[in-house]
Amino acid sequence: SSLERKLESIRETFVLAGLSLGGALALSYAQTHPERIKGLILMGTPCVMPKTLLKIQNAVFSILPDTAFNSTGLSRRNMRSLCRSMIELDFSKNLNQFKCPVLILCGEKDKPNRKASLMLHEGIKNSQLEFLADAGHELNKEAGAALCASMRRFIDQI
């Protein structure tokens, strides 16, 4: 993918962050390229993909016009392919393999991802878990300052 090509162009190790399904992509990349990752920040990240939700999302993607995907950097076809490839992802069995420091963030109002955040924290030995006050799933929009502060503290200590 173009994202992997961009990440491969980075010469030194780096901190990788992802929100929601972006967190799942970050987990997947860290799993397959552990030598590249200095740290991982997972925000509202599912541990096991919500299969039904992804199937519904993919059906919606199939009827949206191509222009609806312009801001994503992916075509509708690529977005649907990505969605299909994520349906079977399940990180719950391999969480103990992550050696880099991991920060797990979840909005305190993000009920669907609360359990997943706890599962990630229990499974990843070198992890920290924080619930951000008064925030739901979109931490970047709902708790931007708190999110930045948590990320900065984490990055400064690794």
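The protein chain has a radius of gyration of 16 Å, which agrees with the value near 15 Å that a compact globule of 158 residues would have. The model is a predicted one. Along its principal axes, the C-alpha trace spans about 45 × 40 × 30 Å. Of the 158 residues of the protein chain, 38% count as buried. Among contacts with a separation of 6 or more, 68% are accounted for by residues 24 or more positions apart.

Seven helices and four strands make up the secondary structure of the protein chain. Read from the N terminus, the order of these elements is α-β-α-β-α-α-β-α-β-α-α.

The largest pocket holds about 1100 Å³ of space. It is lined by 38 residues, and those closest to its centre are L21, G22, L25, L82 and M86. Two or more lining residues are given by each of helix 1 (2-8), strand 1 (14-19), helix 2 (21-32), helix 3 (51-63), helix 4 (76-86) and helix 5 (111-123). Helix 2 provides the largest share of the lining, with six residues. By residue class, the lining of the largest pocket consists of 23 nonpolar, twelve polar and three charged residues.

Helix 4, one of the elements that contribute to this lining, has buried residues at M79, C83 and M86. These three residues lie on the same side of helix 4, because they cover an arc of only 65° around the axis. The packing partners of the buried residues of helix 4 are helix 2 and helix 3. M86 is thus named in two respects: as a buried residue of helix 4, and as one of the residues closest to the centre of the largest pocket.

The loop between strand 1 and helix 2 contains S20. This residue is not a glycine, yet S20 has a positive phi of about 60°. A second case is D134, a residue other than glycine whose phi is positive and near 55°. D134 is located in the loop between strand 4 (127-132) and helix 6. With a relative accessible area of 55%, D134 is above the 50% cut-off and is therefore exposed.

Further along the chain, A143 occupies the loop between helix 6 (139-142) and helix 7. A143 counts as buried because its relative accessibility is 9%, under the limit of 20%. When residues up to four places away in sequence are not counted, A143 touches L132 and A135. In the case of L132, which is eleven residues from A143 along the chain, the C-alpha atoms of the pair are separated by 7.3 Å.

S150 is part of helix 7 (residues 144-157). Its relative accessibility of 2% is under the 20% limit, so S150 counts as buried. Apart from neighbours within four places in sequence, S150 is in contact with L103, L105, E130 and L132. L132 therefore appears in the contacts of both buried residues described here, since contact means heavy atoms within 4.5 Å and L132 is listed for A143 as well as for S150.

Technical notes:
Residues numbered from 1 in each chain as written. Predicted model: local features only at pLDDT ≥ 70, side-chain atom pairs only at ≥ 80, totals over all residues. Heavy atoms only, no water. 1 Å grid on protein atoms, 1.4 Å probe; cavity = no way out; pocket = protein on both sides within 12 Å on 5 of 7 lines; lining within 4 Å. Points joined across faces, edges and corners; volume = space filled by probe spheres on them. Nonpolar A, V, L, I, M, F, W, Y, C, P; charged D, E, K, R; others polar. Buried < 20%, exposed > 50% of the residue type's maximum accessible area, 1.4 Å probe, protein only. Arc of directions from axis to C-beta. Rg over C-alpha atoms; globule rule 2.2 N^0.38 Å.
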